[in-house]
Amino acid sequence: MKIRHVFSTPDLDSAQAAMNAALEAGVHDDDILLIARSDIELESIPNERKEADTDLMPAALRGAGIGGAAGLAAGLAVVAATPIALTLAGAAAATMAGAMVGCWASALVGSSLPDPIRRKFHDEIEAGRILVVVDGSKELLTAAEPRIVAQSGATPLPFEAHKAAVA
């Protein structure tokens with residue numbers, strides 16, 4: 001399972017040095033992202049290196065799961081408790097409806113929330129620093145971190161999360 005580490009660099013040259021050090025340590029190119037203030041991102045960071053700006057997809061997935069569970073519970077309660085003679089197909093329809101409504105509502109809320117890294121390191125980003133986000137196995141990142149710090153002067157930030165939880 002991949003985990004995510006975040007490093008802070010003072011400028012684009014240092015961020016590039018940190019990315020090169022991560023690549024040399026064996027981190028895959030697709031597992032390195034950059035986060036910066038919007039003006040820096042627009043001018044200097046290629047689109048393929050940018051992290052998602054919102055929590056849209058994780059929120060939609062959570063909403064679908066919670067809404068589906070709520071719809072299933074409501075559908076089964078109606079099947080068991082009322083003399084309407086709602087079938088199990090009706091309970092399945094309630095489950096699907098709950099999942100759709102939950103997904104829609106959560107996606108709306110999630111689209112307005114910034115990415116968790118942007119939320120946690122807002123002050124660092126607004127100060128003009130560029131964050132280098134590296135995903136990889138725990139062993140790979142433990143071995144790569146000293147190289148990244150030594151070659152770029154990057155500062156490791158207190159953030160570690162499973163990629164699946166932040167994707």
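1. Let me start with the packing. The largest nonpolar core has 18 residues, and the ones touching the most other members are Val 132, Val 134 and Ile 148. Two or more residues of this core come from each of S1, helix H1 (12–24), strand S2 (32–35), strand S3 (130–136) and helix H7 (138–152). H1 makes the largest contribution, with five residues. Keep in mind throughout that this is a predicted model.

2. There is also another core, lying apart from that one, with ten residues. Among its members are Ile 35, Ile 125, Leu 131 and Val 133.

3. Now the overall layout. The protein has eight helices and four strands, and reading from the N terminus their order is β-α-β-α-α-α-α-α-β-α-β-α. Out of 167 residues, 38% count as buried. If you take the contacts between residues at least 6 apart in sequence, 77% of them join residues at least 24 apart.

4. S3 deserves a look of its own. Seven of its seven residues are buried, so the strand is largely enclosed by the rest of the structure. Which residues sit on which face? One side carries Ile 130, Val 132, Val 134 and Gly 136, while Leu 131, Val 133 and Asp 135 are on the other, and all of these are buried. Note that Val 132 and Val 134, on one face, are named among the best-connected members of the 18-residue core, whereas Leu 131 and Val 133, on the other face, belong to the ten-residue core.

5. What does S3 pair with? S1 runs antiparallel to S3, with seven bridges between them; Thr 9, for instance, has Ile 130 in S3 as its bridge partner. S2 and S3 are antiparallel as well, joined by four bridges. Within that pairing, Ile 32 faces Val 134 of S3.

6. S2 is covered on both faces too. Ile 32 and Leu 34 point to one side, Leu 33 and Ile 35 to the other, and all four are buried. Ile 35 is also one of the residues listed for the ten-residue core.

7. On S1, I would check Ser 8, which lies in this strand (residues 3–9). Is Ser 8 buried or exposed? Its relative accessible area is 0%, so Ser 8 counts as buried. The Ser 8 side chain does have a polar partner there: a polar contact of 2.5 Å links it to the side chain of Glu 124. Beyond its neighbours within four places in sequence, Ser 8 is in contact with Glu 124, Arg 129, Ile 130, Leu 131, Ala 154, Thr 155 and Leu 157.

8. Next, H7. Its 15 residues should span 21 Å at 1.5 Å a residue, and because the end C-alpha atoms are 21 Å apart, the two values agree. There is nonetheless a kink of about 35° at Ala 144, shortly before the proline Pro 146. After H7 comes Gly 153, with a positive phi near 75°.

9. Which residues of H7 are buried? They are Leu 141, Ala 144, Ile 148 and Ser 152, and their cover includes S1, H1 and S3. Ala 144 is thus listed both as buried and as the site of the kink. Ile 148, leaving out residues up to four places away in sequence, touches Phe 7, Ala 18, Ala 21, Ala 22, Val 134, Gly 153 and Ala 154.

10. Finally, Arg 147, also in H7. With a relative accessibility of 34%, Arg 147 counts as partly exposed, because buried would need a value under 20% and exposed one over 50%. Not counting residues up to four places away in sequence, Arg 147 touches Ala 21, Glu 24 and Ala 25. A polar atom of the Arg 147 side chain lies 2.9 Å from the backbone oxygen of Glu 24. The C-alpha atoms of Arg 147 and Ala 18 are 8.4 Å from each other, although 129 residues separate the two along the chain.

Key. Residues are numbered from 1 along each chain as its sequence is written. This is a predicted model: local features need pLDDT of at least 70, side-chain atom pairs count only at pLDDT 80 or more; totals for chains, interfaces and linings use all residues. Side-chain values use heavy atoms; hydrogens and water are left out. Buried means under 20% relative accessible area, exposed over 50%, partly exposed in between (1.4 Å probe, protein chains only). A polar contact is a pair of N or O atoms within 3.5 Å; within protein, one must be able to donate a hydrogen and the other to accept it, and residues adjacent in sequence count only if both atoms are side-chain atoms. Contact means heavy atoms within 4.5 Å. A nonpolar core is a set of buried Ala, Val, Leu, Ile, Met, Phe, Trp, Tyr and Cys residues joined through side-chain atoms within 4.5 Å. Two strands pair if DSSP finds at least two bridges between them. The expected span of a helix is 1.5 Å times one less than its number of residues. The bend at a residue is the angle between axes fitted to the seven residues ending there and the seven starting there.
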